[in-house]
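Here is a short tour of a protein model, starting with one helix and then stepping back to the chain as a whole. Have a look at the structure first.

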Amino acid sequence: MTAVLPLPTSLAISRDVAIALAAAREAGATARQMQAGITTTRKEDGSPVTPGDLAADAIIRHHLGLHLPDDAILSEECADSAARSANQRLWIVDPIDGTSDYAAGADEWAVQVALAVDGRLVLGVLDMPGQGVCLVGVPGQGAWIISAAGVAPLAPDLGGAGVLIASASRRNRDAVARVRSALPEFTSYDATSVGIKVWRILSGVAGLYVHPRAIAEWDAAAPAAVLLAAGGHATDLDGGALVFNTVGGRCPGLVFSTRPDHAELIARMRHGGVALTG
């Protein structure tokens with residue numbers, strides 16, 4: 001049974017949260033059941049996909065279509081539509097973020113569901129079955145963690161550890177080297193899924209995540225919503241607010257942190273030659 005969150009929010013958003021939470025948790029449980037021995041194929045862009053990704057996508061789409069048929073959806077596993085950018089409400093979905101880890105039988109993957117209204121995030125859900133937690137965030141109103149212990153407010157340490165999670169893509173190697181050079185006092189931590197990276201930040205393992213390239217909105221949306229709701233920072237490489245439901249469906253780089261010196265770190269990276277790459 002889906003946990004009922006004590007959200008101090010409007011009826012409309014409460015319903016949206018309940019729908020997103022039910023969808024993400026069912027998708028996560030189904031993908032977890034399918035994980036053992038799952039096969040992987042390659043999409044046209046070369047990225048991996050599994051039957052678990054497609055099943056999770058179908059479950060989330062079923063929930064959203066049943067309850068919110070007029071809303072638009074942007075999902076990694078379905079073709080984009082030019083018409084969705086004209087819709088005020090957009091659900092941004094990554095059915096399994098971290099497919100390579102999922103296919104390898106690892107636990108560092110997340111089901112990511114977010115809602116943007118007029119380009120701004122209003123809620124995000126990160127279901128991480130392998131971690132035994134689900135995070136729910138409503139920016140401006142709070143964040144919650146659901147685990148075997150029940151439901152509790154998510155209250156991270158906003159001091160931010162001196163650990164950097166940088167993009168692991170080989171395409172980002174030179175830019176990541178500039179990030180590390182600009183912030184030499186940071187030690188490193190590796191993770192693939194953006195949702196898992198935000199979980200590592202909120203659980204105190206790391207304090208900063210930098211992605212120096214444009215990135216799909218479905219990778220960034222739910223993690224950004226949860227981080228913002230928990231009191232953290234989620235900006236582009238210039239420190240600007242992230243905007244969603246763009247025509248191209250991409251964000252211009254990411255800087256996520258729980259550190260009070262977030263703006264200073266961005267200034268230091270800029271001085272060190274860190275700028276958005278392709």
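In this predicted model, a good place to begin is helix H6, whose buried residues are Glu217, Asp219, Ala220, Ala221, Ala222, Pro223, Ala224, Ala225, Val226, Leu227 and Ala229. Buried here means under 20% relative accessible area. Because eleven of the 13 residues of H6 are buried, the helix is largely enclosed by the rest of the structure.

Does the length of H6 come out as expected, and what span should it have? At 1.5 Å a residue, residues 217–229 should span 18 Å, and the end C-alpha atoms are indeed 18 Å apart, so the two values agree. Just after H6, glycine 231 adopts a positive phi of about 100°.

Now for the wider view. The protein chain is made up of seven helices and 14 strands in its secondary structure. Its radius of gyration is 17 Å, close to the 19 Å from the globule rule for 278 residues, so the chain is as compact as a globular protein of that length. Among contacts with a separation of 6 or more, 64% join residues 24 or more positions apart.

Some values for the protein chain, side by side:

| Property | Value |
|---|---|
| Box filled by the C-alpha atoms, along the principal axes | roughly 50 × 45 × 40 Å |
| Buried share of the 278 residues | 54% |
| Accessible surface | about 11500 Å² |
| Share of that surface from carbon and sulfur atoms | 55% |

As for charge, the protein chain carries 21 positive and 28 negative side chains. The centres of these two sets lie 4 Å apart.

Definitions and conventions: Residues are numbered from 1 along each chain as its sequence is written. This is a predicted model: local features need pLDDT of at least 70, side-chain atom pairs count only at pLDDT 80 or more; totals for chains, interfaces and linings use all residues. Side-chain values use heavy atoms; hydrogens and water are left out. Helices (H or I, at least four residues) and strands (E, at least two) are DSSP runs, numbered from the N terminus. The expected span of a helix is 1.5 Å times one less than its number of residues. Buried means under 20% relative accessible area, exposed over 50%, partly exposed in between (1.4 Å probe, protein chains only). The radius of gyration is taken over C-alpha atoms; the globule rule is 2.2 Å times the number of residues to the power 0.38. Contact means heavy atoms within 4.5 Å. Accessible areas come from the Shrake-Rupley method with a 1.4 Å probe; for residues, only the protein chains shown count as cover. Lys and Arg count as positive and Asp and Glu as negative; His and the chain ends are not counted. The place of a charge is taken as NZ of Lys, CZ of Arg, CG of Asp or CD of Glu.
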